[in-house]
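This report goes through the cysteines, the nonpolar cores and one surface patch in turn. Please keep the sequence and the model open while reading.

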Amino acid sequence: MALEQAGLSVFQDEDAIRSGDCWVEKLQHALKDCCAFVVLVGQDGTQRWVGAEVQAALIRHLSPHDDAERLPIFPILLSDAKPESLPPFLALFQADRWIPADPLPEKLIQAIQTHSIRINSQHVIEDRCPYLGLSAFSRNDARLFFGRRQETLEALAFLGDQSQTNPDKLQQTGGAHYTRWLQIEGNSGSGKSSLVQAGMLPMIERGALWARTGFEHWRILGPMMPGKNPLVKLAEILEQGLIDDPAKWDIDARKERLSTRESGLASTLKGFKQAGIAFLLIVDQFEELFTFADEAERKQFDALLTIALQDPDCPLFLINTVRADFLDRFEYLPRLQDIYNRHCKRYFLPAISTHGLREIIEQPARLAGLDVSEVTTAILNDASDEIGALPLVENALSILWEHRNNNRLSGEAYRQQGGLAGMLSTQADALLQRIDQVVPKGKVATLELLLRLTRINDEGRHTRQRIMLDEAIFVAGNGNDKSGKRVVEMLSGQRDITVLNTEHQNVLRLITPSKEQDQHYVDLIHETLVRARGKDEKTGKLTGYWPTFYDYIEKNRDRDLYRQQLAHESKQWQQSKGLGRLWNLKFFDLKKYRALRIPINTTESRFLAWSRRAQVTLVALLAMLVVYGTESIIWVQKHALSPDMIWTLQRFRLGYAPLPALTEKHIPSGSFNMGEQDAAFIAKLGQNEKLFGVPGKLIHTAEPFYLGKTEVTYEQYDYYVWQQYRSGNTTIPFPNTVKGGRGNQPVVNVKWFEAVAYASWLGKQINNQCRLPTEAEWEYAARAETTTAYPWGNEPGSNNANCDGCRSSSDNKESAPVGSFAENQFGLYDMSGNVWEWTCSNWRNQFDDNAQQCNDDTTDTQYRVVRGGSWHSNPDLVRVSVRTFRDPVSPDINIGFRVLCESPIE
């Protein structure tokens with residue numbers, strides 16, 4: 001062999017090591033005694049066993065902190081090999097080309113003998129910045145991904161079989177030592193996404209997982225971010241990753257299958273299963289499942305992943321990234337949580353080391369031919385105190401590249417712009433200023449858009465949240481699409497935000513556009529923009545890496561909560577039916593939603609529009625009520641009415657029209673003996689016979705009639721007076737209130753003439769002829785075809801009427817509400833007791849024709865008969881035969897009335 005011919009002692013990877021169990025461990029043990037690692041690379045690059053051995057050599061190279069202890073690696077390109085066939089990490093080393101028939105290059109032999117580490121010094125980057133700023137690394141940036149090579153290899157080792165057995169003998173996707181789920185954990189800004197995309201994925205695509213999984217070829221699904229609808233995102237990446245022809249994609253149908261079947265993911269992948277090929281699903285920002293995802297979709301997503309990962313026939317592997325401060329939220333994913341400890345390997349990505357930061361600064365500079373000697377030490381010193389140093393360093397280097405002097409990054413420029421945090425803040429503020437000069441109120445518009453892209457956390461653990469491009473334009477322009485589009489373009493560094501420019505640009509970008517299927521989205525470029533740097537030494541308050549925006553978040557930290565509340569309330573309203581639509585509108589506290597800048601034609605905007613209309617209507621009604629209420633108070637005070645009349649008047653205004661209820665059936669015509677019928681009672685009367693209709697008289701009522709079931713109430717009479725005032729008749733007074741109040745109490749303090757006028761008015765309301773009953777009609781109706789002293793019998797009994805001795809709760813205290821006692825056979829209430837009642841008959845000491853005649857002459861002041869007794873009468877004075885007289889022009893606190901209407905009633 002050429003190396004042996006050059007006098008070097010050589011260890012070869014013999015078959016005994018390659019095919020046996022724990023072969024990787026044996027190889028690693030052998031590498032400990034080696035001073036160099038030489039790998040021959042053909043036209044197919046490094047395959048299978050050689051690729052696994054290269055990984056072991058890389059770990060041996062990267063593990064020591066002292067360069068003197070690192071294992072030198074020497075790639076040798078055979079005659080038909082191309083430099084681009086080298087794996088990403090192997091491409092970092094200087095490669096020599098060699099034809100086996102020729103001797104080895106002298107410089108190579110010398111480097112091996114002196115244990116020299118030769119880094120590829122070829123300038124492969126021309127006229128563009130080798131630093132990505134705040135942008136995350138993608139698979140296309142693998143060549144620029146430095147500082148995390150050891151972590152990449154360590155994380156890769158966690159997937160697949162952990163026993164390091166012969167890959168050809170692995171029980172693929174199964175076994176006690178076999179892991180298909182790797183979770184990358186770390187703090188915000190630690191570079192989790194970049195590690196997976198620029199570090200792990202390029203290695204996996206080159207077969208780096210074969211040694212541990214038995215799979216050399218992989219279909220990469222994603223990366224995807226769960227967002228609000230993780231099932232939609234999963235459906236998209238499945239269609240795009242499994243079906244090569246976009247014309248055959250059917251994302252809606254795929255989403256439907258995933259939504260309805262918990263085995264939907266597993267069955268889909270098994271349908272595309274091929275020998276020797278595995279599927280790798282990448283879920284970035286896994287915490288969106290906890291903070292942003294729809295609950296129902298999150299639950300189904302949890303089930304889909306769990307079943308697929310446990311199915312031995314489904315060759316699915318999962319890598320997800322998650323912020324460490326969200327690990328306590330896994331209870332939101334109960335199915336995955338159940339298999340967490342058994343099926344998941346967790347790799348915590350620590351803060352990048354000083355050595356790693358040095359690589360980030362120096363290695364891209366080497367590829368671009370930059371001199372970074374003036375800034376390296378200063379950046380490393382500043383970064384030592386920063387938790388999320390990685391994006392700050394990348395951003396600072398990107399800015400310094402813009403202000404480079406020839407090919408030298410200026411230390412003076414670094415100091416003048418305030419170091420790591422100062423450069424981010426200064427550049428971001430400058431961008432705000434530029435936007436403000438171009439767009440009216442551009443600074444506020446920009447901060448509003450950035451705030452909309454931030455999911456605010458009560459504990460300060462703010463995160464990014466993507467939104468649709470159309471919504472971003474609306475928020476930034478507050479409805480002016482031209483202004484909004486310009487803000488988005490300047491924030492994203494895009495000339496046309498619908499035609500994505502994925503090349504690295506030499507401008508600070510605060511948001512990044514993306515496209516999924518036919519939808520355009522925007523997102524904050526990095527969470528450093530929303531993170532707290534630490535506490536201010538003087539005030540003790542948290543300060544952000546970008547103070548301008550962090551302070552804006554703090555001043556408006558309730559905004560995101562309001563947005564979530566609005567989304568919830570809008571959804572409830574949208575799902576309501578009938579009167580629920582009105583009930584679920586928001587009538588109060590709409591002001592807090594004013595600053596949210598809700599796009600038009602959304603459920604939220606429609607909900608707010610209808611709520612504002614309802615609010616205006618409610619305010620108008622309340623104003624009307626206040627006006628009417630004030631007027632009513634004045635009215636009540638002016639007429640010396642009780643306070644409850646304020647509400648009664650409002651009810652009248654709203655259309656309430658209380659009228660007396662008449663008997664449901666007419667009271668039939670008939671004959672009866674009018675006057676007292678009890679001879680024993682008559683014998684005791686003496687001179688009081690005239691008050692009981694002695695001597696009696698046979699009376700015949702010729703026509704049937706209807707009579708008010710009860711006495712007219714205060715409420716009914718008040719409505720009549722109110723109507724008279726509305727029509728301009730202000731001569732009729734409201735009757736004074738008695739002890740029992742108004743409302744349903746029988747109205748008293750009404751003159752006979754006023755009672756007659758009411759009856760006439762009522763007749764017009766119901767299109768009939770109404771009046772007061774004659775004395776004979778009254779007693780006929782009261783007896784209801786009985787001959788006893790009372791409608792219920794010859795004794796007062798208990799609780800049959802309201803009088804002084806009738807044993808009711810109102811006895812000798814006050815009138816009772818009408819209808820408080822049992823009705824008689826004609827359906828009439830309170831014909832005995834409660835209040836006396838006006839009739840239209842003239843008073844005579846003995847019965848004559850006047851008892852059957854109605855004197856409606858409103859100029860005749862003869863005494864009129866009153867019947868029935870009252871609440872302070874003794875039981876004898878509430879017999880159906882009792883009668884007395886009153887002056888028709890004098891109201892009385894004990895006299896009310898009921899109305900008769902003649903048959904027929906239409």
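## The link of Cys-840 and Cys-854

Cys-840 has a relative accessibility of 0% and therefore counts as buried. The model is a predicted one, and in it Cys-840 forms a disulfide with Cys-854, the two sulfur atoms lying 2.2 Å apart. The link of Cys-840 and Cys-854 is left-handed, with -140° about the S-S bond. Cys-840 belongs to strand S22, which covers residues 836–842, whereas Cys-854 sits in the loop between S22 and strand S23 (864–867), so that the pair, 14 residues apart, links distant parts of the chain.

The partner is placed in another accessibility class, because Cys-854, at 28% relative accessibility, counts as partly exposed.

## The other disulfides

How many disulfides does the structure hold? There are three disulfides in the structure, and when the bonded cysteines are counted along the chain their pattern reads 1-6, 2-3, 4-5. One of them joins Cys-770 to Cys-901, with an S to S distance of 2.1 Å, and this link of Cys-770 and Cys-901 is right-handed, with 100° about the S-S bond. Cys-770 lies in strand S21 (residues 770–771) and Cys-901 in strand S26 (residues 900–902), so the disulfide ties together parts that are 131 residues apart in sequence. Cys-770 counts as buried because its relative accessibility is 11%, and Cys-901 counts as buried because its relative accessibility is 0%; the cut-off that applies to both is a relative accessible area under 20%.

Another disulfide is formed by Cys-803 and Cys-806, with their sulfur atoms 1.8 Å apart. The link of Cys-803 and Cys-806 is right-handed, with 100° about the S-S bond, and both Cys-803 and Cys-806 are buried.

## Further cysteines

Cys-34 has a relative accessible area of 21%, and so is partly exposed. Cys-344, in turn, takes part in no disulfide, and the nearest cysteine sulfur, which belongs to Cys-314, is 17 Å away. Is Cys-344 buried or exposed? With a relative accessible area of 9%, Cys-344 is buried.

## Nonpolar cores

The largest nonpolar core is made up of 115 residues, and those with the most contacts inside this core are Ile-184, Met-200, Ile-204 and Ile-319. Helix H17, which covers residues 389–402, supplies the largest share of this core, namely nine residues. Which residues is Ile-204 in contact with, leaving aside its neighbours within four places in sequence? On that basis, Ile-204 is in contact with Leu-156, Leu-209, Glu-216, Trp-218, Ile-220, Leu-280 and Ile-319.

A second core of 47 residues is separate from the largest one, and includes Leu-641, Phe-652, Tyr-720 and Cys-901. Cys-901 is thus a point where two parts of this report meet, since Cys-901 is also joined to Cys-770 by a disulfide.

## A nonpolar patch on the surface

On the surface, a nonpolar patch is formed by Leu-621, Met-624, Val-627 and Tyr-628, which together have about 350 Å² of accessible area. Met-624, one of the residues of this patch, is placed in helix H26, which covers residues 603–638. With a relative accessible area of 41%, Met-624 is partly exposed.

Definitions and conventions:
Residues are numbered from 1 along each chain as its sequence is written. This is a predicted model: local features need pLDDT of at least 70, side-chain atom pairs count only at pLDDT 80 or more; totals for chains, interfaces and linings use all residues. Side-chain values use heavy atoms; hydrogens and water are left out. A disulfide is a pair of cysteine sulfur atoms within 2.5 Å. Helices (H or I, at least four residues) and strands (E, at least two) are DSSP runs, numbered from the N terminus. Buried means under 20% relative accessible area, exposed over 50%, partly exposed in between (1.4 Å probe, protein chains only). Patches are made of residues with over 30% relative accessible area and no salt bridge: like charges are joined within 9 Å, nonpolar side chains (Val, Leu, Ile, Met, Phe, Trp, Tyr) within 5 Å. Accessible areas come from the Shrake-Rupley method with a 1.4 Å probe; for residues, only the protein chains shown count as cover. A salt bridge is a side-chain nitrogen of Lys or Arg within 4 Å of a carboxyl oxygen of Asp or Glu. A nonpolar core is a set of buried Ala, Val, Leu, Ile, Met, Phe, Trp, Tyr and Cys residues joined through side-chain atoms within 4.5 Å. Contact means heavy atoms within 4.5 Å.
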